[in-house]
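Subject: Structure handover

Hello,

Here is the structure I promised to pass on. Please open it alongside this email and follow the residues as you read.

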Amino acid sequence: MKQPMLKNKSVILPLLALVLLSGCRINRPSDVMSPKEMESYLYDFHLAQGIISTLPLDQKYKYQALNDWALAKNGISSDKLERSLVWYTRYPGEFARIYKKLNRRIDAEYNESLNIKSRIEKRSFSVGKGDSVSLWYLDSVALLNSSRYMSRLTMEQVGEESFRPCDTIVWKGTATVLCTDTSAAPRLYLAMTLSYNDSIATSDTMLYGPVSAPISLTMVLDTARSMKSVRFLAQYMEQSESDSRGMAVLSDIEMKRYHSWADTVTVSAED
């Protein structure tokens with residue numbers, strides 16, 4: 001009698017394990033954000049909270065605009081966010097795993113930012129001699145509003161021997177213009193300018209809020225003249241500066257120089 005019982009156990013135990021495993025599997029509804037989507041949103045949400053914490057008291061009304069930016073950047077509606085938060089609070093283990101990944105990402109980016117800051121402080125703002133190098137030495141995220149201290153973002157890189165004729169310089173970023181009052185008519189002007197000894201060339205664009213879009217400005221150095229400098233400008237403007245009702249957020253900013261051996265020169269801007 002013992003032998004048949006052993007055979008039965010050898011069959012029952014694997015079946016029992018399968019039943020237990022299937023019972024532990026969590027089926028996430030289709031209208032709930034995936035863990036990857038939730039992690040991406042939470043990253044931008046906490047970034048927005050960090051920006052809010054730096055705002056003066058008279059500008060705390062921009063809290064909602066920054067939260068709306070986090071939703072718009074990730075293509076998520078407030079209803080879907082609410083459904084997702086309700087679902088994830090029912091499964092704290094899933095939420096904990098998302099925040100564990102998020103904390104690792106934030107720690108890694110924080111350490112990288114310290115390394116970048118250290119390199120910037122030590123550098124003489126010279127440009128590397130590789131085929132493609134990064135020119136952007138400011139933060140990859142910037143907040144602009146109509147305040148005289150926060151309405152403009154500028155960066156300048158002086159030309160030197162590492163720049164060659166026909167080199168391509170590309171500025172990229174995601175621009176979001178937000179406003180709580182459409183009568184403010186917020187605008188964001190973006191421009192990249194090449195300065196030569198006797199002239200300048202500019203690639204620019206203007207955004208009218210509310211809007212969120214990826215932006216790319218591309219310029220190619222002249223074949224016959226040496227570049228003195230390349231300059232980037234972002235200027236936020238409102239119809240009424242005395243009572244600001246909007247802001248602009250630039251994110252994922254990068255600016256690179258690419259060596260090229262083209263015989264022709266073009267200057268272009270992409271919206």
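Below are the salt bridges, two backbone angles and the nonpolar cores. Please bear in mind that this is a predicted model.

**Salt bridges**

The count comes to 4 salt bridges. Here are three of them, including the pairs that share a lysine.

Start with Arg83 and Asp31. Their side chains meet in a salt bridge, at 3.3 Å from N to O. Arg83 sits in helix H4, residues 78-90. Asp31 sits in the loop between helix H1 (2-24) and helix H2 (35-54). The two residues are 52 apart in sequence, so this pair ties together separate parts of the chain. How accessible are the two partners? Arg83 is partly exposed, at 38% relative accessibility. Asp31 is also partly exposed, at 34%.

Next, look at Lys73. Its side chain meets that of Asp44 in a salt bridge, with 3.2 Å from N to O. This pair links distant parts of the chain: Asp44 belongs to helix H2, Lys73 to helix H3 (residues 63-74), and their positions lie 29 residues apart in the numbering. Is Asp44 buried or exposed? Asp44 is buried, with a relative accessible area of 3%. Lys73 is partly exposed, at 29% relative accessibility.

Lys73 has another partner, Asp252. The closest N and O atoms of that salt bridge are 3.7 Å apart. Asp252 lies in strand E9 (residues 246-258) and Lys73 in helix H3, so the bridge ties together parts that are 179 residues apart in sequence. Asp252 is partly exposed, with a relative accessible area of 47%.

Taken together, Asp44, Lys73 and Asp252 are linked in a network of salt bridges. Helix H2 and helix H3 take part through Asp44 and Lys73. Strand E9 takes part through Asp252.

**Backbone angles**

Which phi value does Asp252 have? Asp252 has a positive phi of about 55 degrees, although it is not a glycine. So the residue to inspect in strand E9 is also a member of the salt-bridge network, because Asp252 and Lys73 are tied together there.

Cys166 is another non-glycine residue with a positive phi, near 75 degrees. Cys166 is found in the loop between strand E3 (152-158) and strand E4 (168-179). Cys166 is buried, with a relative accessible area of 3%.

**Nonpolar cores**

In soluble globular proteins, nonpolar side chains tend to be buried together. Here the largest nonpolar core has 33 residues. Those with the most contacts inside it are Ile169, Trp171, Leu188, Leu190, Leu250 and Met255. Which elements give two or more residues to this core? They are strand E2 (142-144), E3, E4, strand E5 (187-196), strand E6 (200-208), strand E7 (211-220), strand E8 (227-237) and E9.

Met255 is worth a click. Leaving aside neighbours within four places in sequence, its contacts include Val133, Leu135, Trp136, Met155, Ile169, Trp171, Met192 and Val230. Ser134 and Val170 are in contact with Met255 too.

There is also a second, separate core of 24 residues. Among its members are Val32, Ala48, Ile52 and Leu81.

Best wishes

Note on methods
Residues are numbered from 1 along each chain as its sequence is written. This is a predicted model: local features need pLDDT of at least 70, side-chain atom pairs count only at pLDDT 80 or more; totals for chains, interfaces and linings use all residues. Side-chain values use heavy atoms; hydrogens and water are left out. Helices (H or I, at least four residues) and strands (E, at least two) are DSSP runs, numbered from the N terminus. Buried means under 20% relative accessible area, exposed over 50%, partly exposed in between (1.4 Å probe, protein chains only). A nonpolar core is a set of buried Ala, Val, Leu, Ile, Met, Phe, Trp, Tyr and Cys residues joined through side-chain atoms within 4.5 Å. Contact means heavy atoms within 4.5 Å.
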